[in-house]
Amino acid sequence: MTTEHAVPAHIPPHLIRNFDLWAELTAQGENAYAWAAKLHQSMPPIFWVPSLGFLPGTWIPRRSADLRRILQDPQTFSSVGLTPYPRLLGESWRLAPLEVDPPEHAKYRALLNPLFTPKKVDALEQDIRELATQLIGQIAQSGRCDFNQDFAKPFPTLIFLKLMGWPLADQPLFQHWTQTLIKSVDPQVVTENAQAITGWIRAHIAECRKNPGDDFTSYLLASEIDGRPLTDDEMLGINFLIFIGGLDTVTSSIGLFFRHLARNPEQQAQLRVKPELIPDAVEELLRAYFIVNMRRTVTCDVQIGEATMKKGDIVLISTELANLDPEVFDAADQVDFLRSAGHAPHMAFSYGVHRCVGSHLARRELRIALELWLQLMPPFRIAADTQPRFNAYGVFGMEDLHLEWDLPSATAHAHAVQAQQVSP
Ligand code: HEM
């Protein structure tokens, strides 16, 4: 759903491009990434679009260098009010640290950093492997699967709940809420889901106040900022952010990665023969199949290239355009697992102070998912009678993805899965 918004007077007509980036990407389906790569040939370095879904018009810088400059200058390009959720509910809490600018940002970030270190992720590795193995074991003998339902959604959701110490039984609720909250373009649906999520979080905070446990919310209740406990609004905002940051992102990436391997059997075979390439493949697939668009609000008039941005303008930080920039990546629209060594870093996890705090966890989940699927399952492909469906609203991802594979020898596979389940 695209909403019409008036174009501010200071936007020069020659920089206006009349299309809704998210609607176009969604309409392009599986061709979305190749289509986005071509914007580098057809668009000025910075252009203006009059709307993005139900959001108002924004500047879209396409060059990685401009995007990095913007992300490195949070004083001029603020993250305050980045998401619509508190506003839709008529409330004023913030998704901290995401919607907080420096220097205040650092205080909230310091609360989260210790929970997401590589060491913390190491401690979860065995759980991640066991869960992936178990989910694969449930579908291995069926010859096909609904990839989102059977793997891409439950895998990161259960890991996330385990890390947070939140009730595993609420997995279906979490999956439903995050999906509808992030993917819907209907403000009514988004509001209802935001209400449901904040209701769950508020009830959980109340429960943890009464009976503190070993979970994330209890950790926050025992934490301090500037020598004082967190306020109710701070508790809500941080919990809400973690909720939306950690779930749909990994689900979306896994879906896109597996669609790529299903469509490109030679690259799937390459990773089967050389599993040591998997960490590089994760980086290359994160680059090629970016999923997040962020926005910033201009705090004072500023010139970037040809664009004169005014205080209050919105700027889209499109990780897809950064990751497809031909000035940074040769043959940027091609996936090449060998390109990563010594190459410029991609921007899938953003850049600057808001760089993703969950990147170590996300990378580990993605690597283990690839390793175990390629180890335990025969070559897989898109199921013959299905067409993968892509959606670019909110977090990009596969809306529908069905995979199939041949069952060479049922017993051989059962043994492989069993052996994996008992191995340390
Ligand atoms: C493939 C998976 C993921 C991708 C592509 C991703 C991407 C991003 C991006 C682009 C940002 C920066 C937003 C901005 O600059 O405005 C971000 C921030 C953040 N991410 Fe992730 N993310 C992923 C997984 C996760 C996970 C698993 C968690 C936690 C469990 C998480 C938690 C967060 C948090 C809390 C922030 C805010 C950091 C801050 O503002 O300082 N993310 N993520």
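**Helix α13.** I started with helix α13, residues 248–263, in this predicted model. At 1.5 Å a residue, its 16 residues should span 22 Å, and I found the end C-alpha atoms 22 Å apart, so the expected and modelled spans agree. I then looked at burial along α13: 14 of its 16 residues are buried.

**Ligand shell.** Next I listed what surrounds the ligand, and the shell holds 26 residues. Gly-245, Gly-246, Ser-350, Cys-356 and Gly-358 come nearest. The elements that each give two or more residues to this shell are α5 (104–112), α12 (232–246), α13 and α17 (359–376). Which of them gives the largest share? I noted α12, with four residues. By residue class, the shell divides into 16 nonpolar, nine polar and one charged.

**Nonpolar core.** The largest nonpolar core has 102 residues. I wanted the members that touch the most others, and they are Phe-155, Phe-240, Leu-241 and Phe-257. I followed up Phe-155, leaving out residues up to four places away in sequence. Phe-155 then touches Leu-131, Ala-132, Leu-135, Ile-254, Glu-365 and Ala-369.

**Hairpin of β1 and β2.** I moved on to strand β1, residues 46–52, and strand β2, residues 55–61. The two pair in the antiparallel sense over six bridges. I used Ile-46 to check the register, and this residue stands opposite Pro-61 in β2. Two residues lie between the strands, and Gly-53 in this hairpin takes a positive phi near 55°. Is β1 mostly covered or mostly uncovered? I counted six of its seven residues as buried, so "mostly covered" is my note, given that a residue with 20 or more other C-beta atoms within 10 Å is buried.

**His-346.** I looked up His-346 in the loop between α16 (319–323) and α17. It is buried because 22 other C-beta atoms lie within 10 Å. Which residues does His-346 contact once neighbours within four places in sequence are left aside? I wrote down Glu-283, Leu-286, Arg-287 and Asn-323. I also noted Ala-288, which is 58 residues from His-346 in sequence and 8.9 Å from it in space, C-alpha to C-alpha.

**Backbone oddities.** A reminder to myself before this entry: most residues other than glycine have a negative phi, and most peptide bonds are trans. I therefore listed the exceptions, keeping the general rule in mind.

- The peptide bond from Ala-96 to Pro-97 is cis, with omega near 5°. Pro-97 lies in the loop between α4 (85–88) and α5.
- Pro-102 and Pro-103 are also joined by a cis peptide bond, with omega about 5°. I placed Pro-103 in the loop between α4 and α5.
- Asp-226 has a positive phi, near 50°. I found Asp-226 in the loop between β5 (224–225) and β6 (228–229). Is Asp-226 buried or exposed? It counts as exposed, because 6 C-beta neighbours lie inside 10 Å.
- Ala-331 has a positive phi too, near 40°. Ala-331 sits in the loop between α16 and α17. I marked Ala-331 as exposed because 10 other C-beta atoms lie within 10 Å.

Key. Residues numbered from 1 in each chain as written. Predicted model: local features only at pLDDT ≥ 70, side-chain atom pairs only at ≥ 80, totals over all residues. Core = buried A, V, L, I, M, F, W, Y, C linked by C-beta atoms within 7 Å. Buried ≥ 20, exposed ≤ 12 C-beta atoms within 10 Å, placed from the backbone. Contact = placed C-beta atoms within 7 Å. Pairing = 2+ DSSP bridges. Expected span 1.5 Å × (residues − 1). Near = placed C-beta within 6 Å. Nonpolar A, V, L, I, M, F, W, Y, C, P; charged D, E, K, R; others polar.
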